[in-house]
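Trainee: Could you take me through one part of this model in detail? I'd like to look at how a pair of helices packs, and then see the setting they sit in.

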Amino acid sequence: MAKQLTTLITGADKGIGFQTALELGKRGHHVLVGARDVDRGKEAVDRLTKNGIIADLLKIDVTDRTTIQAAASQVMTKFGYLDVLINNAGVALDQHQPASKLSTEVMQNDFKVNFFGAVDVIQAFLPLLKKADTAKIINVSSNMGSLGLATNSASQFYGVNSLGYQASKAALNFATICFAKELADTTITVNSVNPGWTATEFGGRDLKQSIPSGMQSVKTGEAQIVKLASDPENKITMTFTENQGTLPW
Ligand SMILES: NC(=O)c1ccc[n+]([C@@H]2O[C@H](COP(=O)([O-])OP(=O)(O)OC[C@H]3O[C@@H](n4cnc5c(N)ncnc54)[C@H](OP(=O)(O)O)[C@@H]3O)[C@@H](O)[C@H]2O)c1
């Protein structure tokens with residue numbers, strides 16, 4: 001029988017993170033639900049458990065290194081390794097204000113979660129990933145962080161100007177590139193994924209209303225993340241992909 005994989009997903013109490021936990025749990029992963037709010041995290045673990053999934057809560061606020069280190073110590077004690085790390089926690093705080101008006105404080109808060117938070121989590125869990133037979137880091141990025149799309153006048157993203165969020169996701173993509181290169185001689189792969197415009201609170205959906213047209217379901221949003229996380233070969237590294245294929249960095 002194949003070994004049960006242990007997978008940590010940050011920001012897994014709702015949205016794409018929760019749906020990813022559900023799908024990977026159904027595929028047999030032992031899911032570690034990263035949540036900054038313990039009550040919301042427990043609720044998510046309960047929902048997963050009711051679906052027959054093996055799940056534990058890990059309190060992680062990605063902007064608070066103490067919680068990250070405490071979570072890594074817990075995983076070290078209980079498992080001694082980690083197979084898959086999915087950096088999913090994310091915020092978009094700049095409300096599409098033009099670069100000339102957006103305060104750098106707001107931009108810093110985008111970066112604290114989307115970039116520094118993800119890097120802190122990778123650094124803390126890397127010793128555990130190195131203890132797995134083969135391991136994966138999947139960074140949940142965004143097409144809004146693609147420099148190629150932002151500078152292509154034929155792209156719908158050419159007209160988007162959201163400096164804090166876009167720069168923080170472009171920086172996260174650079175984390176993917178740098179860690180993939182550093183870990184090239186190991187069995188750890190590192191990739192960025194764009195979920196696409198997805199029906200979550202983050203995506204702008206009122207969860208009490210039906211999904212607006214053009215917005216995809218969370219099940220479609222997690223598909224490429226789950227595909228990479230479940231890939232038994234684990235040879236693909238340093239890519240930026242979505243359901244439709246490869247994206248320009
Ligand atoms: N939805 C889209 O259209 C879309 C498109 C492209 C990329 N993405 C990316 O997909 C990822 C998931 O987004 P989503 O749509 O599922 O959003 P969501 O429903 O708002 O979920 C975001 C998750 O991140 C968590 N989070 C925020 N700040 C955190 C922190 N400091 N520490 C730990 N967790 C934190 C949230 O926790 P709380 O519950 O405590 O707030 C929540 O669990 C994000 O990285 C986002 O940038 C989304």
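Mentor: Here's a walk through one helix pair, followed by the protein around it. Bear in mind that this is a predicted model. The pair to look at is H4, residues 104–131, and H6, residues 163–182. Their axes lie 7 Å apart and meet at an angle of about 20°. Angles under 35 degrees count as roughly parallel, so H4 runs roughly parallel to H6. As for handedness, the H4–H6 crossing is right-handed.

Now for who touches whom. H4 brings Met 107, Asp 110, Phe 111, Asn 114, Phe 115, Ala 118, Val 119, Ile 122, Gln 123 and Leu 126 to the contact. From H6 come Leu 163, Gly 164, Tyr 165, Ala 167, Ser 168, Lys 169, Ala 171, Leu 172, Ala 175 and Phe 179. Sort the residues of this contact by class and you get 14 nonpolar, 4 polar and 2 charged.

Stepping back, these two helices belong to a protein with 7 helices and 8 strands. Its C-alpha atoms fill a box of roughly 50 × 45 × 35 Å along the principal axes. A compact globule of 249 residues would have a radius of gyration near 18 Å, and the protein has 17 Å, so the two agree. Of those 249 residues, 51% count as buried. Sequence separation is worth a glance too: among contacts with a separation of 6 or more, 69% come from residues 24 or more positions apart.

Conventions: Residues are numbered from 1 along each chain as its sequence is written. This is a predicted model: local features need pLDDT of at least 70, side-chain atom pairs count only at pLDDT 80 or more; totals for chains, interfaces and linings use all residues. Side-chain values use heavy atoms; hydrogens and water are left out. Axes are lines fitted to C-alpha atoms, for helices over the stretch in contact, and angles run from 0 to 180 degrees between N-to-C directions. Helices (H or I, at least four residues) and strands (E, at least two) are DSSP runs, numbered from the N terminus. Angles under 35 degrees count as roughly parallel, over 145 as roughly antiparallel, 65 to 115 as roughly perpendicular and the rest as oblique. A crossing is left-handed if the near helix is turned anticlockwise from the far one by less than a right angle, and right-handed if clockwise. Contact means heavy atoms within 4.5 Å. Ala, Val, Leu, Ile, Met, Phe, Trp, Tyr, Cys and Pro count as nonpolar, Asp, Glu, Lys and Arg as charged, and the others, Gly among them, as polar. The radius of gyration is taken over C-alpha atoms; the globule rule is 2.2 Å times the number of residues to the power 0.38. Buried means under 20% relative accessible area, exposed over 50%, partly exposed in between (1.4 Å probe, protein chains only).
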